[in-house]
Amino acid sequence: MSDCASCAVRCRAICASLAVDEAAELGRIGRRQRVRAGHTLLWEGDEAPTVANVLSGVLKLVVATADGREQIVGLVFPSDFIGRPFGKQSPYRVTAMTDAEVCIFNRQQFDDFAGRHPHLQQKLLHRTLDELDRARHWMMLLGRKSASEKVASFLLDMEERLPGAADGASGGFELPFGRQQIADILGLTIETTCRQLTRMRSDGLVDLPSRRAVRINDRARVAAMAG
C-alpha cells in the first residue's frame, strides 16, 4: 500500500485531482518500488501489466529499430506518469537512468479505478496531450537542430523540468546524469557534447562548477541559441 499523504509529488501528479478519500482508495492498490539505475520497468512491445507515478529519479523511454539500433524518445521525471492505461502493450522500453522510486499500480486495477473517477480520466487526457506536445518538440530537437541548438535546448528543458532546479536569477541546478548520458539523449557523441558545453562556458553563457552542476548565466542568449 502507498501512503499518498506523505508523497512528495502529490500536488503535481495525476492523483492531485483526487479528494482525500479517493487518494486513500488509490493508495490501497499502489505500492512504492525502488528501481536501480539500468533496471527496465517496462519492455517495448510486451504486455504492460503495470502503470506508475514517478516519485524520484529519471527514467528514459526507448524504442528500437528492426536492426537493433535504439533511440531515446523521451525522459520522465518526478510526478510524471508511465505506462499505458486502458492498453495492453508498452510502445517503448522504460529504463531507469538514475536510481528512482515509483508508485506502481496493477494496470487493470488502475483502469477500474479510473473508470469510476472521470476527473482522473480527464487528468490523464491532459497529461497525454502534454506528452504529445513534448514528443513533437523532441522530434524537432533530434531531427532538425544542430549540436549547439540541441545542447542549449536540453539545458533549458532540464532547468524547467528538474524538481527545484531553477535557483532564482542564478539558474543553478544539478543534472542527475553524466555527459555520456546527455550525449545518448541528444543523439550526439560525447566529444561533441563536451565541446558544446565547453564553448558555452567560454562564451559566458553557462558556468559548470562540477561535472553535473550547471548555472545558466544568460538565459536569453541560451534561448536564442536553442532556436
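Select V54 and V102 in this predicted model. V54 stands opposite V102, a residue of strand 8. Now widen the selection to the two strands around this pair. Strand 3 covers residues 50-56, and strand 8 covers residues 100-106. The two run antiparallel and are joined by 6 bridges.

Stay on strand 3 and colour it by accessibility. Is this strand mostly covered or mostly uncovered? Of its 7 residues, 6 are buried, so strand 3 counts as mostly covered, buried being under 20% relative accessible area.

Next, pick A52 and look across to strand 6. The residue opposite A52 is I82. Strand 3 and strand 6 are again an antiparallel pair, here with 2 bridges.

Show the whole sheet. In what order do its strands lie? The order is 1-8-3-6, in an open sheet of 4 strands with antiparallel pairing. At the edges are strand 1, residues 30-35, and strand 6, residues 81-82, each of which pairs on one side only. For the backbone view, turn on hydrogen bonds: strands of a sheet pair through these, either parallel or antiparallel.

Add helix 2, residues 107-115. Which strands does helix 2 lie across? They are strand 3, strand 6 and strand 8, and the helix runs at about 70 degrees to strand 8.

Within helix 2, select F113. Is F113 buried or exposed? F113 has a relative accessible area of 1%, and it is therefore buried, the cut-off being under 20%. Display the side chains around F113. Leaving aside residues up to four places away in sequence, F113 touches L18, E22, E25, L26, I29 and L120. One of these contacts, I29, is worth a distance label: the C-alpha atoms of F113 and I29 are separated by 9.4 Å, while the two residues are 84 residues apart along the chain.

Finish on the surface. Select L125, L129 and L132, which make a nonpolar surface patch of about 260 Å². Where is L132 found? L132 is in helix 3, which spans residues 118-144. With a relative accessible area of 38%, L132 is partly exposed, because that value falls between the 20% limit for buried and the 50% limit for exposed. Set L132 beside F113 for a last check: F113 in helix 2 is buried, whereas L132 in helix 3 is partly exposed.

Key
Residues numbered from 1 in each chain as written. Predicted model: local features only at pLDDT ≥ 70, side-chain atom pairs only at ≥ 80, totals over all residues. Heavy atoms only, no water. Pairing = 2+ DSSP bridges. Contact = heavy atoms within 4.5 Å. Axes fitted to C-alpha atoms, helices over the stretch in contact; angles between N-to-C directions. Buried < 20%, exposed > 50% of the residue type's maximum accessible area, 1.4 Å probe, protein only. Patch = residues over 30% accessible without salt bridge, like charges linked within 9 Å, V, L, I, M, F, W, Y side chains within 5 Å. Areas by Shrake-Rupley, 256 points an atom, 1.4 Å probe, with all protein chains shown as cover. Salt bridge = Lys/Arg side-chain N within 4 Å of Asp/Glu carboxyl O.
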